[in-house]
Amino acid sequence: MSRQALKYGENPQQQAWIASDDGSQDLLAIGKFTDPHGQPAFTGARDMSWSSIRDLDAGIEAITRIAAAFDVNVGSVPTIAVLVTHSCPFSAAVGSSDQVINKAIQSNFRAAFGSFLVTNVALSEPVAYKVRQWMGPDRPFEGIAAPSVDPDVIPYFVRKKGKTHLLANPALASLHRDNVQLEPVSRTVRGAMLSQEPNPFVPKFPEDWDDQLKRDMCLAWGICAASASNCITIANEGLLVANASGQPERAAASDLAIIQARAAKRSNMLKGAAVVSDSYFSFADALDQLARRKVKAIFATSGSLHDEEVKAHVAQFDVMFHTVPDADGRIFFGH
């Protein structure tokens, strides 16, 4: 276990450190990332903050969950781009080319400034050139994690203050269902440490769902599984439409997701969308507004005293409603 000082903690007035597990068998462990010259990523740990590393970790969690869902339900993993800020994946896209990065940026352009991009697209010089055009002048990322990073791209991401953290890990190029975290999850609380097994659940969606719905549901599920509960996540046409996370109750998360879609001028993308809830709907009103906007399908868990009422209500709107038991498929994250 090697321990290094960071630039600062969550706030500039806080000192922070990182202790990397040198014996980790996880191919996507933080310590297995390198800089563009092939040196261990944390050789320059003093240039990174607590928040930078937490954003990177959240992006790894999101992209691996998305990839696992695609592997299980589609049989192949698309190109993926996830943008993270404040440990929250807020924009994401899946597709078949490096254009997923552009889609993710344009989806929430203002928030993309200073965010961490995690992608399975190699950061070659031609790709870096396009990324700079997509971002616009003076709008650099906080960091980029990709399967490989050409040293020639470094000048593209120079910042007026600080630096863009460019990190490479070849394992990002071949993501599959076994890349979900397998090692125990731990965190400290006052005077104690909590540890738990990782969450191994990856859903299997109904076989009769069409391919586009499965793909959108894989994207929505992966983002939801890497976001703080309570969370409602919506995707359509390979794009994250809304991710309403960290809400005290599920009806508020549903309402916030609709507000997010409206604010981003994507209200039209609610119709026909895939929706994921990280647990069950306790009451029908928690999904009423989603159903009234004619989303195509909702994935949630079951376990509420009002499960039958919830199912009957959503059936009135011709929305597909797929559930698994909460004991198997709940995806709370980030507590």
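In this predicted model, Thr 188 finds its bridge partner in strand β9, at Met 193. This pairing belongs to a wider ladder, in which strand β8, spanning residues 185-189, runs antiparallel to β9 and is joined to it by five bridges. The two strands form a hairpin with two residues between them. Within that turn sits Gly 191, whose phi is positive at about 75°. Strand β9 itself, made up of residues 192-196, is hardly covered, and the count of buried residues among its five residues is zero.

Following the chain onward from β9 leads to the loop between β9 and α5, where Pro 206 is found. Which residues does Pro 206 touch, once its neighbours within four places in sequence are left aside? The contacts of Pro 206 are then with Lys 214 and His 322. Another pairing worth a look on screen is that of Pro 206 with Asn 73: their C-alpha atoms are separated by 8.9 Å, while the two residues lie 133 residues apart along the chain.

Two helix pairs can be described next. In the first, the axes of helix α2 (residues 99-107) and helix α4 (residues 125-135) come within 10 Å and cross at roughly 20°. Angles under 35 degrees count as roughly parallel, and therefore α2 is roughly parallel to α4. The crossing of these two helices is right-handed. On the α2 side, the residues that meet α4 are Gln 99, Ile 101, Asn 102, Ile 105 and Gln 106. Their counterparts in α4 are Val 127, Val 131, Trp 134 and Met 135. By character, the residues of this contact divide into six nonpolar and three polar, with no charged ones.

The second pair consists of helix α6 (residues 250-263) and helix α7 (residues 285-292), whose axes come within 7 Å and cross at roughly 20°. By the cut-off of 35 degrees, α6 is therefore roughly parallel to α7. Here the crossing is left-handed. Helix α6 contributes Arg 250, Ala 251, Ser 254, Asp 255 and Ile 258 to the contact, and α7 contributes Ala 286, Gln 289 and Leu 290. The residues of the contact between α6 and α7 divide into four nonpolar, two polar and two charged.

The backbone also holds some conformations to look out for. Most residues other than glycine have a negative phi, and most peptide bonds are trans. Where do the exceptions described here lie? His 86, which is not a glycine, has a positive phi near 50°. This histidine is placed in the loop between β3 (79-85) and β4 (88-95). Is His 86 buried or exposed? Its relative accessibility is 73%, so His 86 counts as exposed; the cut-off for that label is over 50%.

Asp 318 likewise has a positive phi, of about 60°, although it is not a glycine. The loop that holds Asp 318 runs between α8 (307-315) and β14 (320-325). With a relative accessible area of 70%, Asp 318 is exposed.

The last of these backbone features concerns a peptide bond: Ser 229 and Asn 230 are joined by a cis bond, with omega about -5°. Asn 230 can be located in the loop between α5 (211-224) and β10 (232-236).

How values were computed. Residues numbered from 1 in each chain as written. Predicted model: local features only at pLDDT ≥ 70, side-chain atom pairs only at ≥ 80, totals over all residues. Heavy atoms only, no water. Buried < 20%, exposed > 50% of the residue type's maximum accessible area, 1.4 Å probe, protein only. Helix = DSSP H or I, 4+ residues; strand = E, 2+ residues; numbered from the N terminus. Pairing = 2+ DSSP bridges. Axes fitted to C-alpha atoms, helices over the stretch in contact; angles between N-to-C directions. Parallel < 35°, antiparallel > 145°, perpendicular 65-115°, else oblique. Left-handed = near helix turned anticlockwise from the far one by under 90°. Contact = heavy atoms within 4.5 Å. Nonpolar A, V, L, I, M, F, W, Y, C, P; charged D, E, K, R; others polar.
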